[in-house]
Amino acid sequence: MNIISDQTVALPNKAYQARHFINGVSQDSFDGQKSNRISPSHGVVVSQAALGTAVEAEVAIAAARTAFDDGRWSRMSGKERATILNKVADLIEANVEQMALIETLESGKPIAQARGECGGAADLWRYAASLARTSHGDSHNTLGADILAVILKEPIGVVSIITPWNFPFWILSQKLPFALAAGCTCVVKPSEMTPSTTAMLAGFLVEAGLPAGVCNIVLGFGDPVGSLMTTHADVDMVTFTGSTAVGKMITKSAGDTLKKVALELGGKNPQVIFPNCDLEGAADAVTFGIYFNVGQCCNSSSRIIVHEDIADAFVARVVELSRQVAFGNPLNPETQVGAIVTPEHAEKINTYVQAAAEAGAEICLGGASLMVPGLGDQFYQPTVMRDVTPDMAIAREEVFGPVLAVLTFRTLDEAIALTNDATYGLSAGIWCDDVHTCLDFSRRVQAGTVWTNTWMDGFPEVAFGGVKQSGQGREIGSYGFDEFLEVKSLVMRVGRTRAPWVKTA
């Protein structure tokens, strides 16, 4: 197994101080409370964050409400909004190293990956800026000589944005710039485990010229901060990325005020492998798909469905490639897979593995915690399990770790049935050189994204989101942008041509 223990990037001298950002001002909590984040990879306090309460959330929501209602942002031209969003993108790129270091230490992900995500997020901001300038409604001029109707697109209002710990800045950038481009004002709550890159963004927003109150950031726990953000009457929309269980709770709590809810939730995403494909490319994609971000990824391809004729050879190749993946110290740029986010989550992953083994699945590789010299055991070995049956929890539930479950199939219909036999429907993939098989599979599977002969390629232009219990609504692309807009019909009569309804004598 390829274990990297040394590091080339030094730990910071002191913990980063993350603060709320409310009505244009960075501030501590009113009661002075703070929380510490201990790095899952290095076991030291790497950040200290203001710990918000309902008080800070109330003030932030009020600031966003006022900023929206007075039009300082919602009635600004698309060009002006785009100019500010592009300036934010420039500032993100100028501060990638600082952002990547703190995100690596808070999340446990490799620093090379964190650099790619933080720097790459700038492209999302630039694409959102382009939508701010090109958004438009529609018109109907065929309704009669005296009628003209116009369809307007207007910002939905105040948006609560709640983001997870696994991709702190990337997922924020799939939501916030698109909401801002539409003219919305926002209140953001990052995960209490990874607050710092979101807090850093506040300085970029000020420097770029974003008006006060347009974006507010409140740090803290889901209860009380997040719960108020999903129930408050002055919030018009909630967009959340996280677990399906929490997504269901948000849907229920938001229902009392009938606010719009957009959810990007869990996944149990399969890659289906046919014999007539680039088997080496498929094996590499499967290896990437299960270990990227330590498998702590909603798009993780945590189950593969392999044709019986090639199952033995294919699994053997995936195991061989898995042994070559660099696990270990996230502060070494050569590391590909870092630490598990918490000890509790590492134990949960192991529980799934052991339960599957007891039920008859074979552990082909791994199946236990991983000790990295000098860093402890908050890591998990690359794990491959075969002889998995569809009824096993490891084949149906989101493990959220570097654990691959292998199932087999004989026919296309069987592969599609296995793919759709899940409560989730975020993404799916197929590896096959027959384009007809790929198209048939893509049209029949229940998933928000289908990849053919690749895995996890994404672009700002292409919408992302799930079906079934993987969520509702879409992010990024023009469809993701439209989530933050309301449609208003404007019907105008030309001249005094309306026939009277009341018949007068």
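This is a short tour of two sheets, some salt bridges and the cavities in one structure.

Okay, some ground rules before we start. This is a predicted model, where local features need pLDDT of at least 70, side-chain atom pairs count only at pLDDT 80 or more, and totals for chains, interfaces and linings use all residues. Residues are numbered from 1 along each chain as its sequence is written, and side-chain values use heavy atoms, with hydrogens and water left out.

Helices and strands, by the way, are DSSP runs numbered from the N terminus: H or I over at least four residues for a helix, E over at least two for a strand.

Let's begin with the sheet of three strands. It's open, the order is β2-β6-β5, and the pairing is mixed. Pairing here means that DSSP finds at least two bridges between two strands. Who stands at the edges? That's β2 (16-18) and β5 (34-38), and each has a single partner strand, so one side of each has no neighbour in the sheet. From one strand to the next, the twist averages 25°. For angles like that, axes are lines fitted to C-alpha atoms, for helices over the stretch in contact, and the angles run from 0 to 180 degrees between N-to-C directions.

Look at β5 and β6 (residues 45-50): they pair in the antiparallel sense, over five bridges. If you want a spot to click on, Ile38 stands opposite Val45 in β6. Then come the helices. α3 packs on this sheet and touches β2, β5 and β6, with its direction at about 100° to that of β6. Contact, for us, is heavy atoms within 4.5 Å. Helix α6 (residues 196-208) lies across β2 and β6, and runs at about 75° to β2.

Now move along the chain to the sheet of seven strands. This one is open too, with mixed pairing, and reads β17-β20-β21-β15-β14-β23-β24. Its edges are β17 (362-365) and β24 (449-452); each has a single partner strand, so one side of each is left without a neighbour in the sheet. The twist averages 25° from one strand to the next.

Over at the β24 end, β23 (residues 427-431) pairs with β24 in the parallel sense over four bridges. One position to look at is Ala428, whose bridge partner in β24 is Val450. Two helices to point out here. Helix α11 (residues 343-358) packs on the sheet and touches β17, β20 (383-386) and β21 (403-409), its direction making about 30° with that of β20. Helix α13 (residues 412-420) packs on the sheet as well, touching β14 (270-273), β15 (303-307), β21 and β23, and its direction makes about 145° with that of β21.

On to charges. Side chains of opposite charge can pair when their charged atoms come close. We call it a salt bridge when a side-chain nitrogen of Lys or Arg is within 4 Å of a carboxyl oxygen of Asp or Glu. How many salt bridges does the structure hold? There are 22.

Remember α13? Its Asp413 forms a salt bridge with Arg444, the closest N and O atoms being 2.9 Å apart. Arg444 sits in helix α14 (residues 435-444), and the two are 31 residues apart. For accessibility, buried means under 20% relative accessible area, exposed over 50%, and partly exposed in between, using a 1.4 Å probe and protein chains only. Arg444, at 35%, is partly exposed, and so is Asp413, at 49%.

Now for Lys175 and Glu475, which form a salt bridge with the closest N and O atoms 2.3 Å apart. Lys175 is in helix α5 (residues 168-182), Glu475 is in the loop between β26 (471-472) and α15 (477-482), and that's 300 residues apart. Buried or exposed? Lys175 is buried, at 1%, and Glu475 counts as buried at 8%.

Glu475 also takes us to the cavities. Rolling a probe the size of a water molecule over the atoms shows where empty space is left. A cavity is a set of points, on a 1 Å grid over the protein atoms alone, where a 1.4 Å probe fits but cannot get out, and lining residues have an atom within 4 Å of a point. The search finds four cavities of 30 Å³ or more. The largest holds about 80 Å³ of space, a volume being the space filled by probe spheres set on the points, with grid points joined across faces, edges and corners. Of the 14 residues lining the largest cavity, the closest to its centre are Thr239, Ala262, Gly473, Arg474 and Glu475. The largest share of that lining, three residues, comes from β13.

That's the tour, thanks.

Conventions
On a 1 Å grid over the protein atoms alone, a cavity is a set of points where a 1.4 Å probe fits but cannot get out, and a pocket is an open set with protein on both sides within 12 Å along at least five of seven lines; lining residues have an atom within 4 Å of a point.
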